[in-house]
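I opened this structure to note its fold, its core and where the coordinates can be trusted. My entries follow the order in which I looked things up.

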Amino acid sequence: MSAVEHADLTCSRCGKETRHELAYAGRLLAAITCTECGKVIERDLRARYLTDLRQRLATKPKRMLRRFRKDPLRFASSLPKTVPAKPWELLSEIRLVWRTARAHRGDRTTARRRP
Ligand SMILES: [Zn+2]
């Protein structure tokens, strides 16, 4: 799922250690935002995210089976809660990855125009 964490990092614009917001898409770090000046460092994760997502989906049945074997009752009772949330979590991840990647496409266009 897409999640936000916080960490104190040195901001190149502020020139000091400030609070940063780290936006994760699944297991991958997608964007880092300085909470003081708003400077954003974004990464184009599309290729890596899709590989990671494919792995997560491929191993999912195995993971679910393991949970089922460990504790069938708890697994069954957790299903109604966990299953409907997933498509939304997935959507918010994908939205984050593509939003941060769009900024990169802009960078590349500017770079190409230079002689
Ligand atoms: Zn800053």
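The entries below go from the overall layout to single elements.

**Entry 1: layout and confidence.** I am working from a predicted model. I looked up the elements first and found three helices and four strands. Read from the N terminus, their order is β-β-β-β-α-α-α. The average pLDDT is 79, and 77% of the residues reach at least 70. Which elements have the lowest and the highest mean pLDDT? Helix 2 (residues 72–82) is lowest at 65, and strand 2 is highest at 94. I then checked residues 107–114, where pLDDT stays under 50 and the model shows zero contacts beyond four places in sequence. Where pLDDT is low, the predicted coordinates are not to be read in detail. I therefore leave the detail of such stretches alone.

**Entry 2: strand pairing.** I looked up the partners of strand 3 (residues 28–34). Strand 2 (residues 16–25) runs antiparallel to strand 3, and six bridges join the two. In this pairing Glu21 sits opposite Thr33. The two strands form a hairpin with two residues between them, and Gly26 in the turn has a positive phi of about 65°. Strand 3 also pairs with strand 4 (residues 40–42), again antiparallel, through three bridges. There I found Ala31 opposite Glu42. The hairpin of strand 3 and strand 4 has five residues between the strands, and Gly38 in that hairpin has a positive phi near 85°.

**Entry 3: burial and core.** How much of the protein is buried? I read 11% of the 115 residues. The largest nonpolar core has eight residues: Ala23, Ala25, Ala30, Ala31, Leu45, Tyr49, Leu96 and Val97. Strand 2, strand 3 and helix 3 (85–113) are the elements that give two or more residues to this core. Ala31, noted above opposite Glu42, is one of the core residues. For contacts with a separation of 6 or more, I noted that 41% join residues 24 or more positions apart.

**Entry 4: helix 1.** I turned to helix 1 (residues 46–70). Does its length match or miss the expected span, and why? At 1.5 Å a residue, its 25 residues should span 36 Å, and the end C-alpha atoms are 35 Å apart, so the two values agree. I also looked for a bend and found one of about 40° at Lys60, with a proline, Pro61, following within four residues. Helix 1 is hardly covered, with a count of one buried residue among its 25.

**Entry 5: Arg56.** I picked Arg56, which lies in helix 1. Why is Arg56 classed as partly exposed? Arg56 has 13 other C-beta atoms within 10 Å, whereas a count of 12 or fewer would make a residue exposed and 20 or more would make it buried. I last checked Arg56 against Arg27, 29 residues away along the chain, and their C-alpha atoms are separated by 9.8 Å.

Definitions and conventions:
Residues are numbered from 1 along each chain as its sequence is written. This is a predicted model: local features need pLDDT of at least 70, side-chain atom pairs count only at pLDDT 80 or more; totals for chains, interfaces and linings use all residues. Two strands pair if DSSP finds at least two bridges between them. Two residues are in contact if their C-beta atoms, placed from the backbone, lie within 7 Å. A nonpolar core is a set of buried Ala, Val, Leu, Ile, Met, Phe, Trp, Tyr and Cys residues joined through C-beta atoms within 7 Å. pLDDT is the predictor's confidence in each residue, from 0 to 100. The expected span of a helix is 1.5 Å times one less than its number of residues. The bend at a residue is the angle between axes fitted to the seven residues ending there and the seven starting there.
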